[in-house]
Amino acid sequence: MLGIWAKLASSLASFMFVWAMLSQFIPYELRSFIEKRLTHFYSQFHPYIEVTIPEHSGDHLKRSEAYTAVQSYLSSISSKSAKRFLGEIGRDGKSVVLSMDKHERVEDEFRGVKVWWICGKTATSSSDKPGPELMFYKITFHQKNRDLITEEYLKYVVKQGKAIKINNRQRRLYTNVGRYSTYGSMWSGIPLEHPATFDTLAMESDKKKEIMDDLRKFSNSKDFYKRIGKAWKRGYLLYGPPGTGKSTMIAAMANYLQYDIFDLELTAVKDNTELRRLLIETTSKSIIVIEDIDCSLQLTGQRKKSKEISEYNELGSEGDGKKGADKAAKAAERGSSNVTLSGLLNSIDGIWSSCGKERIIVFTTNLVEELDPALIRRGRMDKHIQMSHCSFQGFKVLAKNYLLVEENDNEDYQGLFDVINKLLSQVKITPADVAEILMPKSCEDTADKCLQKLIR
Ligand SMILES: Nc1ncnc2c1ncn2[C@@H]1O[C@H](COP(=O)(O)OP(=O)(O)OP(=O)(O)O)[C@@H](O)[C@H]1O
Ligand SMILES: [Mg+2]
C-alpha cells in the first residue's frame, strides 16, 4: 500500500516538475488559476505533506537564511543524483561549488524515511499580483512522518547546510555603487581577495595585539551578548591622516575574522529609507564600512560646502593629491543624497537591535574632530583606533615585508636601522610613503639602496 502511495507521490512530484517547466510559457493569470485548482485537488487526495522554502522571507528584502542553508545542504547530497547544476566559485577562489539548478529533483533519506526535494522558480508573489521570479525549494514527505521531518530532519538540514556554507564560502566585497545584483539585491559583490593581514600591517605590536584580541573576543562572544541582552555588534572608528593604513586595516580585520565586507558609499544612497534597506540586506559575519564619514554626510549643521572642498584640497596637498581631490569631489557630490545624520544614527541603531547578528561597523575619517559626538559615542563606535604616522616598529614590519631584511641581519643594516629610528622620531611620514620608497622599482634597487633612499 505504502509502495503505491510512494509511486503516486513520486509521479505527482514528476508532474509538478513538468508543470513547473511548462508553466513558464503560459500567461500569468491562466497559470495562477490552474495552479490554485491543481493544488486544491492535489491536497484533497494524497497523504503527502509539502513544505516550501522560498528564496526571500516575507518582507522580500533579505534572502532567507533557511533557503541558503537548504541550498548548501542539497548541493552536498545532489552531486550524484541531479543532472543540472548552478556553479559558484568556492572559498579557495579556484574550485567550483555546485548547487541544484531550477526544476531539478533529488531524493534524501533520514532514519529510513524518504523525502523528495525539488528546486523551482515562481513568478507568483504573496499577493495575487505578478511579482519578480523567485526560486524556492519544496520538500515532500508522508504525513505519518510529519513530526520527524518538521522537528528533526529540517533542523538537521539547516544545521548541516550552515556548516557547509561556512566551509565553502568565498568571502565577498559588496558595494552599493553601480548596477544592482541579479537577485534584486541592492548590493553587488565580487570575491574578496585583499591580501592585507595583521602581519603585513605597519603598527606597534602592542596596539596590533590589542585590536586582534578585541576582534577575536567579539567573534567568540555570542553567549555573552545574549546574556547581557545586547545585539551582537561592535563599532570601530579608525581615524588618522591619509595613508596611515585605515583601509588596509579593514581588509586585515576581514581576513582575520573571515568576514565579508559591505562597503557602503553614503553619497550614492538616495535617502534614509534606502539606507535602512541597504543595512537590512547585509548578512551576518560581515564588516559594514563607511569610509571618509566626514565628507559623506552633512554632519555639522550648516558647514559650508565650499569651505570643505578647499579643506580637502589642502588635505590632498599634504600627501596624495588625488585623494584630496577625490574627497573634494565627494563633498561636492554629497548634495544629491538626502541621507541625514539622524537617519544614519537611526539606521545603525535599528540594525543594531533588530536584525541579524555578528556584524562589525567601521567608520574611517581623516578629521575626527569634525564629527558629531553623537555619531561616535561609545555604544555606537565602541572602539576608537588612531592610525598614526610611521613608527620605528611600523617601519620594521614594512622593511621585513618589502625588502626581506631585519635589523639584526648584519651590521650594515643595523647602522641604517639606527639612523632611521632616530629620523622617524623627528619626521612625520606616513606608512604609505615609507612603503612606496621601500618598494624596489628595478633589480638594481637592493635593500641597502632602498633604505638609503628612505634616509635621504
Ligand atoms: N599601516 C600600514 N601598514 C602597511 N601598509 C600601509 C599602512 N598604511 C598604508 N599602507 C600602504 O599604503 C597604501 C595606502 O594605505 P590606505 O589606503 O590603507 O590608507 P588610508 O589610511 O586608508 O588613507 P585614506 O585616509 O587616504 O583613505 C596601502 O595600499 C598600503 O600599501
Ligand atoms: Mg582609506
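**Close-up 1. Where α5 meets α7 in this predicted model.** From α5, the residues that touch the partner helix are M212, L215 and S219, and across from them in α7 sit M253, Y256 and L257. Sorted by class, this contact comes out as 5 nonpolar residues and 1 polar one, with no charged residues. Helix α5 covers residues 205-219, and its axis comes within 11 Å of the α7 axis. The two axes cross at roughly 45 degrees, and since angles under 35 degrees count as roughly parallel, α5 and α7 are therefore oblique to each other. As for handedness, the α5 and α7 crossing is right-handed.

**Close-up 2. The shell around ligand 1.** Here we zoom in on the 17 residues around ligand 1. Which of them come nearest? That would be P242, G245, T248, P431 and A432. Two helices, α7 (246-257) and α15 (431-438), each chip in with at least two residues of the shell. The class tally for the shell is 8 nonpolar, 7 polar and 2 charged residues. Why does ligand 1 lie between domain 2 and domain 3? Because domain 2 (173-386) and domain 3 (392-455) both give residues to its shell.

**Close-up 3. α13 against α15.** Now for α15 and one of its helix partners, α13, which spans residues 392-403. The axes of α13 and α15 come within 10 Å and cross at roughly 30 degrees. Angles under 35 degrees count as roughly parallel, so that label fits α13 and α15. The crossing of α13 past α15 is right-handed. On the α13 side, the contact uses G394, F395, L398, A399, Y402 and L403, while α15 brings P431, V434, A435 and L438. That gives 9 nonpolar residues, 1 polar one and no charged residues in the contact of α13 with α15. P431 turns up here in the contact with α13, and it is also among the residues that come nearest to ligand 1.

**Close-up 4. α15 against α16.** Helix α16 takes in residues 447-455, and it packs with α15 at an angle of about 140 degrees. Their axes are 8 Å apart. Angles over 145 degrees would count as roughly antiparallel, so this pair, α15 and α16, goes down as oblique. V434, I437 and L438 are the α15 residues in this view, and they meet C450, K453 and L454 of α16. By class, the contact of α15 with α16 has 5 nonpolar residues, no polar ones and 1 charged. Two of the α15 residues here, V434 and L438, also take part in the contact with α13.

Technical notes
Residues are numbered from 1 along each chain as its sequence is written. Chains are lettered from A and ligands numbered from 1 in the order in which they are written. This is a predicted model: local features need pLDDT of at least 70, side-chain atom pairs count only at pLDDT 80 or more; totals for chains, interfaces and linings use all residues. A residue is near a molecule or strand if its C-beta atom, placed from the backbone, lies within 6 Å of it. Helices (H or I, at least four residues) and strands (E, at least two) are DSSP runs, numbered from the N terminus. Ala, Val, Leu, Ile, Met, Phe, Trp, Tyr, Cys and Pro count as nonpolar, Asp, Glu, Lys and Arg as charged, and the others, Gly among them, as polar. Domain bounds come from an automatic or database domain assignment. Axes are lines fitted to C-alpha atoms, for helices over the stretch in contact, and angles run from 0 to 180 degrees between N-to-C directions. Angles under 35 degrees count as roughly parallel, over 145 as roughly antiparallel, 65 to 115 as roughly perpendicular and the rest as oblique. A crossing is left-handed if the near helix is turned anticlockwise from the far one by less than a right angle, and right-handed if clockwise. Two residues are in contact if their C-beta atoms, placed from the backbone, lie within 7 Å.
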